[in-house]
Amino acid sequence: MSHRRAPRPAAPAFRAALGRAAPKTQLARVQGVWAAAVGERIAAVAQPVSERRGTVVVNCSDAVWAQELDLMQEQLRASLGKRLGGEEPPSLRFRVKDKRE
């Protein structure tokens, strides 16, 4: 008679593997916390897509959102900083999403 071990949950192993495989860039970290930091409504219309020299570029669904989020930049950076352990991006740049992207 063989003794089998009880099945173990796979979720912890998947989370650990994902953590090891995920890129360790500023953009990846911002993308990972974006929805929680800015809220579902903003996350539905604006997504971080690139980073250059510390500035995270965020695609917005239209010009009104881009302008509004630019005015909220300090609040958004502070919220991101809380989620990123105090490492907020130096700046955010909001642009209207190119229809070809």
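Glu88 sits at 32% relative accessibility, so this residue counts as partly exposed. Keep in mind that we're looking at a predicted model here. The side chain of Glu88 meets that of Arg77 in a salt bridge, 2.8 Å from N to O. That pair links distant parts of the chain, with Glu88 in the loop between α5 and β3 and Arg77 in helix α5, eleven residues apart.

Arg77 has another partner as well: Glu74 forms a salt bridge with Arg77, and their closest N and O atoms are 2.7 Å apart. Both of these residues belong to helix α5, and because they are three residues apart, about one helical turn separates them. Put the pieces together and you get a network of salt bridges linking Glu74, Arg77 and Glu88. How accessible is Arg77, buried or exposed? Arg77 is buried, with a relative accessible area of just 11%, since anything under 20% falls in that class. Glu74, on the other hand, is exposed, at 54%.

Searching the whole structure turns up three salt bridges. Besides the two that share Arg77, there's one between the side chains of Arg29 and Glu87, at 3.4 Å from N to O. Arg29 is in helix α2 and Glu87 in the loop between α5 and β3, so this pair ties together parts that lie 58 residues apart in sequence. Arg29 is partly exposed at 33% relative accessibility, and Glu87 is partly exposed too, with a relative accessible area of 46%.

Here are the salt bridges side by side:

| Pair | N to O distance |
|---|---|
| Arg29 and Glu87 | 3.4 Å |
| Glu74 and Arg77 | 2.7 Å |
| Glu88 and Arg77 | 2.8 Å |

Now for the helices that carry some of these residues. The axes of α2 (residues 26-38) and α5 (residues 73-83) come within 9 Å and cross at roughly 115°. That crossing is right-handed. Which residues in α2 meet α5? On the α2 side they are Val30, Val33, Trp34, Ala36, Ala37 and Val38, and on the α5 side the residues they meet are Leu76, Ser79, Leu80 and Arg83. Sort the residues of this contact by character and you find eight nonpolar, one polar and one charged.

Then there's the sheet. Three strands make up an open sheet in the order β1-β2-β3, with mixed pairing. The edges are taken by β1 (46-52) and β3 (91-96), each of which has a single partner strand, so one side of each is left without a neighbour in the sheet. From one strand to the next, the twist averages 30°. Strand β2 (residues 55-60) pairs with β3 in the parallel sense, over six bridges. If you want a residue to look for in that pairing, Val56 has Leu92 in β3 as its bridge partner.

Where does α2 lie relative to the strands? Helix α2 lies across β1 and β2, and runs at about 165° to β1. So α2 is worth a look from several sides, because besides crossing α5 and lying across two strands, helix α2 holds Arg29, which ties this helix to the loop between α5 and β3.

How values were computed. Residues are numbered from 1 along each chain as its sequence is written. This is a predicted model: local features need pLDDT of at least 70, side-chain atom pairs count only at pLDDT 80 or more; totals for chains, interfaces and linings use all residues. Side-chain values use heavy atoms; hydrogens and water are left out. Axes are lines fitted to C-alpha atoms, for helices over the stretch in contact, and angles run from 0 to 180 degrees between N-to-C directions. Helices (H or I, at least four residues) and strands (E, at least two) are DSSP runs, numbered from the N terminus. A crossing is left-handed if the near helix is turned anticlockwise from the far one by less than a right angle, and right-handed if clockwise. Contact means heavy atoms within 4.5 Å. Ala, Val, Leu, Ile, Met, Phe, Trp, Tyr, Cys and Pro count as nonpolar, Asp, Glu, Lys and Arg as charged, and the others, Gly among them, as polar. Two strands pair if DSSP finds at least two bridges between them. A salt bridge is a side-chain nitrogen of Lys or Arg within 4 Å of a carboxyl oxygen of Asp or Glu. Buried means under 20% relative accessible area, exposed over 50%, partly exposed in between (1.4 Å probe, protein chains only).
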